[in-house]
Amino acid sequence: MSCCGPGPDFEEIDAVSRLVAGRLAAFLRTLRDNGFLVGLAEDRDAAALMAAGYAARPSLLRSAFKHLVSARKPDWDKFDGLFDAFWLGKRVRSRSMIAGSATSANNPSLKSLQEASERGEGDRSVTDQVPSADDAPPARGGEGRMEGASRAENLAEVDFRKLADPDQVAQAHEAAARLAKVMRTRLTRRDLARRRGHRLDLRRTIHKNISHGGVPIVLAKRQRKDKPLRLVVLLDASGSMSMYTSVFLRFIHGVLDEFREAEAFLFHTRLAHVSGAMKERDAARALDRLSILAQGAGGGTRIGESLQTFNRHHAARVIHSRSCVMIVSDGYETGDAALLGREMAALAKRCRRIVWLNPMMGWQGYAPEARGIKAALPHVDLYAPAHTLKSLAALEPYLARL
Amino acid sequence: MKNRDEIAQGLADCGYIADTELATAIALMQLLKRPLLLEGEAGVGKTEVAKALACVHGTELIRLQCYEGLDQSSALYEWNYQRQLLAIQAHRGDGASAIEDQIFSEKYLLERPLLAAIRRERPPVLLIDEIDRADDEFEAFLLELLSDFQVSIPELGTIRATTIPHVVLTSNNTRELSDALRRRCLYHYVGYPDVEREARIILARIDGTSASLSLQIARMVEGIRKEELRKVPGVAETLDWAAALVGLDVRDLHDAPEAVHETLMCLLKTQEDRVRLTREVAARILGKVA
């Protein structure tokens, strides 16, 4: 950048006293621990700012550092507190100072969910409608012990809520992840096959035809732009769904990888944005983080209110014209069913497809009679069962067509 | 370092009322030679910042509007195909390589905003508007350009920047931007202005408003923003509304509740919001405006 006027003067930077430099390094470390994107370039520029006379005026320095190290809105909102705590010794809410807790601290809704789960149960009336795992005979026994594919096949048809043996649960998790992987590969392949160009690429056409005196004999086609579908998953984590959530979480974690653009939300009485946790590479760690949120939060399910929150605060950001919203819920609404209908209508207007997966649908004799599901169904493009691995696998052709 | 008060004053002279933090950001842009990423709701005046900046520097504003599918040829450069074809026809018989040398020269190169921005004599302000609408690939390409300020054109070679432009990026946060891009930029979150600043903006931009009327308008808009609306009015809408009120010769909102209600369409852009903000609600908000 020698062409562009005086940049930071490194000799001046050397002049910053060692003490200040040490404090500065410690401050930048604190920021890093709080999830800020502070790299070497920021270290250098921060030092340059100190040397350029900003250090003499704390309010100016604060504002300058804030612009330098913030990268997104949560950083922007959090910065002043951290700065004051570090340099001016003011008290700051301890949560934001905890190293490594960046994600939960960044996300107030996540925090509130955590609080909800710590408080324990809400009203349990809804869960009563669903037979608990104890009612069903646990599917343990000889045949489950076989190795290889047959074991997975057996497992494929077992209703998730009947998986009681921790071994089997683990196997189901593995199978869900595998299934997600297979689906991902196939979907990618279809995507590539579909992406054949049809527009003329003039630049390359002219290049190829110079020797023909400019007569376009050999045509070059422009590759069609790859336009990924965005998948937005809203997972019901209420008590009535508790038997299903963990397998779904694992499955969704796998599937989200394929959809380069994907967002995930959990809801029961409130809505929480959990994409960050879902994108955790290590599936087991992602599950740990989420299961804590999903379990124990079992109270009523306010689907309508959660959707309202989604439509109001998240939809504009996470939904575009090629979005598919996947709602995984049994549709037991303890709130206002009419509100659910209205919010579903608003959601349907925004996105391309709404898929509603209902684990209860696979049960014999089940009819969608709950008020919630009745209000929602007119706006749903695909209403499918999702209680076994087999039923999840059956979704693939549909997802591929989106 | 140019004093941030001077910068704020300069922006004000160009019709942009900035808060001190934004003035700091602009001072830093110059000091650290980094692009400035402005994020915030639609209609808070992010694009205006770039325009005002160009005015302050007395330089050209080059704008690249991003959209889905934006590619290098629309952002950086393109060959003038028609002229190339004509030239090939005209020089038929010269031999392929001679023609090639000729048609892939500066003469046939069409500058697009990015190339134009780095080839100006005087550093322009380069506004990359709504970067969140562009695809990831374009964002990555941009990153390379913004770090090296040079472009390589396969047929022509590398073109180095004559000047480094002042780069302003805006984002409405419809897509999450990459960490790499965020890291390269200074970040400033543009929120809705507070009442006092919005009143000053109205006063600066709309002829015929009085200090008291602009304050009333700003307070009223603040009240409306607190309602549950689908589309919260931005500063641009406020200015439209102020202009409408001035046009109707309104001197005091309290004296003309009818005109206030009828002109609310300047602020509310969806049917739902129009229905929600009934005459009574508008009157209630107006009642709170001193």
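A residue counts as buried here when its relative accessible area is under 20%, as exposed when that value is over 50%, and as partly exposed in between. By that yardstick Cys266(B), at 17% relative accessibility, is buried, and so is Cys66(B), at 1%. This is a predicted model, and the predictor gives the complex an ipTM of 0.77 and a pTM of 0.63. Chain B comes with an average pLDDT of 89, and 99% of its residues score at least 70.

Two other cysteines of chain B are bonded to each other: Cys14(B) and Cys55(B) form a disulfide, with 2.0 Å from S to S. Over all chains, the structure holds 1 disulfide. The pair ties together distant parts of the chain, 41 residues apart, with Cys14(B) in the loop between helix H1 (4-13) and helix H2 (20-32) and Cys55(B) in helix H3 of chain B. The link is left-handed, with -80° about the S-S bond. Neither end makes it into the buried class: Cys14(B) sits at 26% relative accessibility, so it counts as partly exposed, and Cys55(B), at 41%, is partly exposed too.

Helix H3 (residues 46-57) of chain B also leads to the sheet, since that helix lies across strands E1 (36-39), E2, E5 and E8 (166-171) of chain B. Relative to E8(B), helix H3 runs at about 165°. The sheet itself is open and made of 5 strands in the order E2-E5-E8-E1-E9 (chain B), with parallel pairing. Strands E2 (61-65) and E9 (186-189) of chain B take the edges with a single partner strand each, so one side of each has no neighbour in the sheet. From one strand to the next, the twist averages 20°. At the E2 edge, 5 bridges connect E2(B) to the parallel strand E5 (residues 125-129) of chain B, and Gln65(B) faces Asp129(B) of E5(B) across that pairing.

Chain B also has a hairpin, in which 3 residues connect E6(B) to E7(B). Strand E6 (residues 150-153) and strand E7 (residues 157-160) of chain B run antiparallel and are joined by 4 bridges, with Gln150(B) opposite Arg160(B). In a regular strand, side chains alternate between the two faces of the sheet. Strand E6(B) shows the pattern nicely: Val151(B) and Ile153(B) point to one face and are buried, whereas Gln150(B) and Ser152(B) point to the other and are not.

Over in chain A, an open sheet of 6 strands has mixed pairing and the order E5-E4-E3-E6-E7-E8. Its edge strands are E5 (271-273) and E8 (382-385) of chain A; each has a single partner strand, so one side of each goes without a neighbour in the sheet. Here the twist averages 20° from one strand to the next. Strand E7 (residues 353-358) of chain A runs parallel to E8(A), with 4 bridges between them, and Leu357(A) has Ala384(A) as its bridge partner. Helix H15 (residues 337-350) of chain A packs on this sheet, touching strands E6 (323-328) and E7 of chain A, and its direction makes about 130° with that of E7(A).

Then there is the largest nonpolar core, which has 55 residues. The members touching the most others are Leu234(A), Phe310(A), Ile319(A), Ile327(A), Met344(A) and Trp356(A). Leaving aside neighbours within four places in sequence, Met344(A) contacts Leu307(A), Ile327(A), Ile354(A), Trp356(A), Ala376(A), His379(A) and Val380(A). As a rule, nonpolar side chains in soluble globular proteins tend to be buried together.

How values were computed. Residues are numbered from 1 along each chain as its sequence is written. Chains are lettered from A and ligands numbered from 1 in the order in which they are written. This is a predicted model: local features need pLDDT of at least 70, side-chain atom pairs count only at pLDDT 80 or more; totals for chains, interfaces and linings use all residues. Side-chain values use heavy atoms; hydrogens and water are left out. Two strands pair if DSSP finds at least two bridges between them. Helices (H or I, at least four residues) and strands (E, at least two) are DSSP runs, numbered from the N terminus. Axes are lines fitted to C-alpha atoms, for helices over the stretch in contact, and angles run from 0 to 180 degrees between N-to-C directions. Contact means heavy atoms within 4.5 Å. A nonpolar core is a set of buried Ala, Val, Leu, Ile, Met, Phe, Trp, Tyr and Cys residues joined through side-chain atoms within 4.5 Å. Buried means under 20% relative accessible area, exposed over 50%, partly exposed in between (1.4 Å probe, protein chains only). A disulfide is a pair of cysteine sulfur atoms within 2.5 Å. pLDDT is the predictor's confidence in each residue, from 0 to 100.
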